[in-house]
Structures are given as structure tokens and as C-alpha cells.
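Biologist: Hi, can you walk me through this one? I'm new to this, so please explain the words as we go.
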Amino acid sequence: MLNSIYFSAIDMIGQESIFLDYKDDQKLHIRRINRGPGGTPILFMHGSMEDGKIFYTKSNKGLAPFLAKAGYDCFVLDLPGRGLSSPKLSRDSTYGQHDTINDEIPFFKKAIKEITGQDRMHWVAHSWGGITMLSNMVRYGSEDVISLSTFGTKRRITISGLKKFYMINFGYNGLLVLLTKIFGYLPAKLTGIGAENEPRNTYHEIRHWARKNGKWIDQVDGFNYLEAAKTHSFPPGLFIAAANDPVLGHPKDVHLTMMETVGEAGKYVLLSTENGNLNDYGHINMLTHPDCRKDVFPICLDWIEQHH
């Protein structure tokens, strides 16, 4: 089922790449980071136009190594075609967000349970990764999820302004539509707007949901996530927003997402100098800034340990 490559430990934290045999001759990659087996597992989900490296570096910087040092068994996934998962995206890649929610997340969950022998785990997500995780919970239950921690996660972009017009109306919903038709996938790396390219189906499905009045309904089978979320019992959810994130994870939209999902089971945190943080962080450096280790990551660790 899996092949693995071990990487030497730094600061007593080891990293291992695990390659899982998936359908259609795909191999899906998980980066396992820990101080040794036995800790409670944490599943990390990257966002749109990203891969798992948003959570770690080979030199053990990032949120995953930070939580591994605290004793947790961290599993950072790369969705199909991204990161070290193979093959890379092409115009023949037909999978999308529907597959992530219904097939890939359950597949990763099952693999982690088989590797660790543990049935329950914490979930951590950046940006749109939190939406796919929440969607999976609504459809398939979340009894095996101890807690959820999200960074810059929003389902809809409800704010307005010049930056939003340029980035979303003109760019994401305009120019990128044309480029996706030309390439057969969203060429995020070529255009410099992301670390990884995005499957065309995922891109189009996200566009429908992220609109100001976008309906949280599956584009493939019509499942109504918003209606199902109203009666779903979510695990405790931490929603972290950044003050210098004016569009992709605007604090208002992050809070709105929390209220339409976990509601009173959630905690909202705004990272800002006004609130005592060292920086006014942005959408990406809320996980990559050198100060995160002492200023941001402890918030996530406290939340996990509070609900451990």
C-alpha cells in the first residue's frame, strides 16, 4: 500500500515521506513528522494553489514540526497532482473538489489510522483546506475528529474594494478563467499567484462557492452542505484570521465561516499588533513568518491541548 523514504532527524524530530498507492496509478504523498510513533495524530490540509509545504520545511521549521516537538504525530498531505504526489497536473486531470471531499480525505484518514493504530485525530487546515475539511465532516460525520484548527479559512468572499476587484473580479474570475481554458488547468505557478497549479474542476467548483452569494452546494451531486451543517455536531473549531489579509481570508469572512459551521463550538482569533501580536500577519505568512513560532503556533497548540 505504501512506500516510504526516511529523512534524518533535526532537533530530535524526524521526517518521513510516505507514498500511498491510489486509484488511476496515482501516488499520494504524506509527510510524517514526529519525535517517534505513539503521539496523537494530526492531519494537515493545505489550501488552494498550495501543497503541504505551507506547514513544514526540511529543516523543521513550520507549524507541523512545532506540534511534533510537543509530542504529536503529524501527517501533512499533498492532494493529487500537487507537492510530491504524482503524476503532476495536466489537461487530462479530471479530478476536482468533489473528489477531495468524498474520496481523498477519507482515503488519507484511513491510511493514517492504519499507520498509527489510532482512531481519532486532530485536524489542521490553511485557507480553502478548511472548507474541504468542513465539507467532509458535514457529509460523513466528525466523531473521529477531536478538534479543528484553521488559518485564514473562509467559504465566501463578501467584502468589496479595489483589492478585491483586482484580485477576484478581474484576476480569479476573469483572466484565470481564460488561462484555465488554454492550459486545461489553472497555471498558478506560471502566473506567480500560487505554489502549485490547480485542477480545472477544483478551480471552477471553488469559484461557485466563494462568490458573495455563492451557495454551498456540491456542483457534482447537488448535496446541500449549508443545510446539513445546520444540524451537524462539529468538533471544537479554532478560526484564526490575520489583520493584513484583505481579500483571501478577510477577518470578517473568516468569522462568518465559523458562525455558519461550528458556531458556539468555535473560537475566533484575530492576529494583529492591536491585539498584542508581534506583526499584522497576512494570508501566507501567518504560517511562515519567523515570529510564528513564538507568536502564532502556541495559539494552535493551546487549542489542541485544551481539547486533547
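Modeller: Sure, one word to begin with: buried means under 20% relative accessible area, exposed means over 50%, and partly exposed is in between (1.4 Å probe, protein chains only). Helices (H or I, at least four residues) and strands (E, at least two) are DSSP runs, numbered from the N terminus. This is a predicted model, where local features need pLDDT of at least 70, side-chain atom pairs count only at pLDDT 80 or more, and totals for chains, interfaces and linings use all residues. Residues are numbered from 1 along each chain as its sequence is written, and side-chain values use heavy atoms, with hydrogens and water left out.

Biologist: OK, why is strand 7 called largely enclosed?
Modeller: Strand 7 covers residues 145–151, and 7 of its 7 residues are buried, so the rest of the structure largely encloses it.

Biologist: And how does strand 6 run relative to strand 7, parallel or antiparallel?
Modeller: Strand 6 (residues 121–126) runs parallel to strand 7, with 5 bridges joining them; strands pair if DSSP finds at least two bridges between them. His126 has Phe151 in strand 7 as its bridge partner. Between the two strands the chain passes through helix 3 (residues 129–140), in a right-handed β-α-β crossover. Right-handed means that, with the strands pointing away from the viewer, the path from the first strand over the helix to the second runs clockwise.

Biologist: How many bridges pair strand 7 with strand 10?
Modeller: There are 4 bridges, in the parallel sense, and strand 10 is residues 237–242. One bridge partner there is Leu238, which goes with Ser149.

Biologist: New topic: where are Trp128 and Trp209, and what does their pair tie together?
Modeller: Trp128 sits in the loop between strand 6 and helix 3, and Trp209 in helix 6, so their pair ties together parts 81 residues apart in sequence. Their rings are 6.4 Å apart centre to centre with 40° between the planes, which is a tilted pair. Rings of Phe, Tyr and Trp (its six-membered ring) pair if their centres lie within 6.5 Å; planes under 30 degrees apart count as stacked, over 60 as edge-to-face and the rest as tilted.

Biologist: What about Trp209 and Trp216, why is that pair edge-to-face?
Modeller: Their planes are at 80° and their ring centres 6.3 Å apart, so the pair counts as edge-to-face. Trp209 is buried at 1% relative accessibility, and Trp216 is buried at 2%.

Biologist: Which residues do ring pairs link into a cluster?
Modeller: Trp128, Trp209, Trp216, Phe223 and Tyr225.
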